[in-house]
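I opened a fresh notebook page for this one and kept my notes short. Here is what I looked up, in the order I looked.

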Amino acid sequence: MLVVLFLPNKFISLVNEYLSKIYSEIMDVDNCQVKYVSTILWKNEEQEMIQDFNKYLNENIDKDVLYGLTLIGPHRDDFKFFIGDKEMGVYASQGQLRAVVLALKLSEIEIFRKNTDDEPILLLDDIFSELDKSKKNHLIEFINDGIQVIITANDTVGISKKLLNNAKVFRIENGKIKDEGDYNGRKRSI
């Protein structure tokens, strides 16, 4: 198994190479980006960054013990998404926020593909609930590029039959899984 590690600033830069394009293809809105908000001053030199982090931890150990937690570190960091200069957490609808998280995951897939010889499996749970018909179809068109995708949804209403032709459909009723074959009802092997 190959493990690829990136410093946060480098990773965010890689994500932003894909994020705006993917979000634009799903939502028809340009200039989307993510920013990493950190409690640590990330530097390009890994050793210098580690030394600074250790220094801060040692200087603030009494405060950390008093509060019962470490006050800085990756566990306290966050991501903020923007359309232009507007923070999506403040201005975006639920559908826009859901779409940007999907675009982030799809960006990660592109980075994964570029840096490994493996193909990921994409799991999307109830992604259609806050997307309109057009955006559902844009999303499916985008992910319909050869990777294995498992999508859970309440229904397939509004999804293009052409896009569903490559899908294997299962329905869960009364706790039982029913194989409905492909979208046209033809049984296919898993």
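**Entry 1: a loop leucine and its patch**

I started with Leu 69, which sits in the loop between helix H3 (61-67) and strand S2 (78-83). I should say at once that this is a predicted model. Buried or exposed, or something in between: where does Leu 69 fall? Its relative accessibility is 37%, so Leu 69 counts as partly exposed. I then looked for nonpolar company on the surface and found that Leu 69 forms a patch with Leu 66 and Tyr 67. Together the three have about 350 Å² of accessible area.

**Entry 2: the whole chain**

Next I stepped back to the overall layout. The protein chain has 7 helices and 7 strands, and along the sequence they run α-β-α-α-β-β-α-α-β-α-β-α-β-β. Of the 190 residues, 30% are buried. I noted an accessible surface of about 12700 Å², with 51% of it belonging to carbon and sulfur atoms. I also looked at contacts between residues at least 6 apart in sequence: 55% of them join residues at least 24 apart.

**Entry 3: helix H5**

I picked helix H5 (residues 94-115) for a closer look. H5 has 22 residues and spans 32 Å from first C-alpha to last, close to the 32 Å expected at 1.5 Å a residue. Which residues of H5 are buried? My list reads Gly 95, Ala 99, Val 100, Leu 102, Ala 103, Leu 104, Leu 106, Ser 107, Ile 109, Glu 110 and Ile 111. I wanted to know what covers them, and the cover includes helix H1 (8-27), strand S1 (32-37), S2, helix H4 (88-91), strand S4 (121-125) and helix H6 (133-143).

**Entry 4: the core**

From there I went on to the largest nonpolar core, which has 34 residues. The residues with the most contacts inside this core are Leu 19, Tyr 23, Leu 106 and Leu 139. H1, S1, H5, S4 and H6 each supply at least two of its residues. The largest share, 9 residues, comes from H1.

I followed up on Tyr 23. What does Tyr 23 touch once its neighbours within four places in sequence are left aside? I found Asp 28, Val 29, Cys 32, Ile 83, Met 88, Gln 96, Ala 99, Val 100 and Ala 103.

**Entry 5: salt bridges**

I then turned to charged pairs, and the structure holds 6 salt bridges. As a reminder to myself, side chains of opposite charge can pair when their charged atoms come close.

One of the bridges joins Glu 25 and Lys 21, with the closest N and O atoms 2.7 Å apart. The two are 4 residues apart in helix H1, so about one helical turn separates them. Glu 25 is partly exposed at 32% relative accessible area, whereas Lys 21 is exposed at 52%.

In H5 I found Glu 110 and Arg 113 meeting at 3.7 Å, N to O. They are 3 residues apart in that helix, so again about one helical turn lies between them. Arg 113 is partly exposed at 21%, while Glu 110 is among the buried residues of H5. I also saw that Glu 110, Arg 113 and Glu 119 are linked in a network of salt bridges.

Another bridge pairs Asp 179 with Lys 168, their closest N and O atoms being 2.8 Å apart. This pair links distant parts of the chain, with Asp 179 in strand S7 (residues 176-182) and Lys 168 in strand S6 (residues 168-173), 11 residues apart. Both ends are partly exposed: Asp 179 at 28% and Lys 168 at 23%.

**Entry 6: loops and backbone angles**

I checked phi values last. Most residues other than glycine have a negative phi. In the loop between H1 and S1, I looked at Asp 28, whose phi is positive at about 60 degrees although it is not a glycine. Asp 28 is exposed, with a relative accessible area of 57%. Asn 31 is in the loop between H1 and S1 too, and its phi is also positive, near 70 degrees. Asn 31 is partly exposed at 45%.

My final stop was Thr 156, in the loop between strand S5 (148-152) and helix H7 (161-164). Thr 156 is partly exposed at 32%. How far is Thr 156 from Lys 136 in space? The C-alpha atoms are 9.8 Å apart, with the two positions 20 residues apart in sequence numbering.

How values were computed:
Residues numbered from 1 in each chain as written. Predicted model: local features only at pLDDT ≥ 70, side-chain atom pairs only at ≥ 80, totals over all residues. Heavy atoms only, no water. Patch = residues over 30% accessible without salt bridge, like charges linked within 9 Å, V, L, I, M, F, W, Y side chains within 5 Å. Areas by Shrake-Rupley, 256 points an atom, 1.4 Å probe, with all protein chains shown as cover. Salt bridge = Lys/Arg side-chain N within 4 Å of Asp/Glu carboxyl O. Buried < 20%, exposed > 50% of the residue type's maximum accessible area, 1.4 Å probe, protein only. Expected span 1.5 Å × (residues − 1). Contact = heavy atoms within 4.5 Å. Core = buried A, V, L, I, M, F, W, Y, C linked by side-chain atoms within 4.5 Å.
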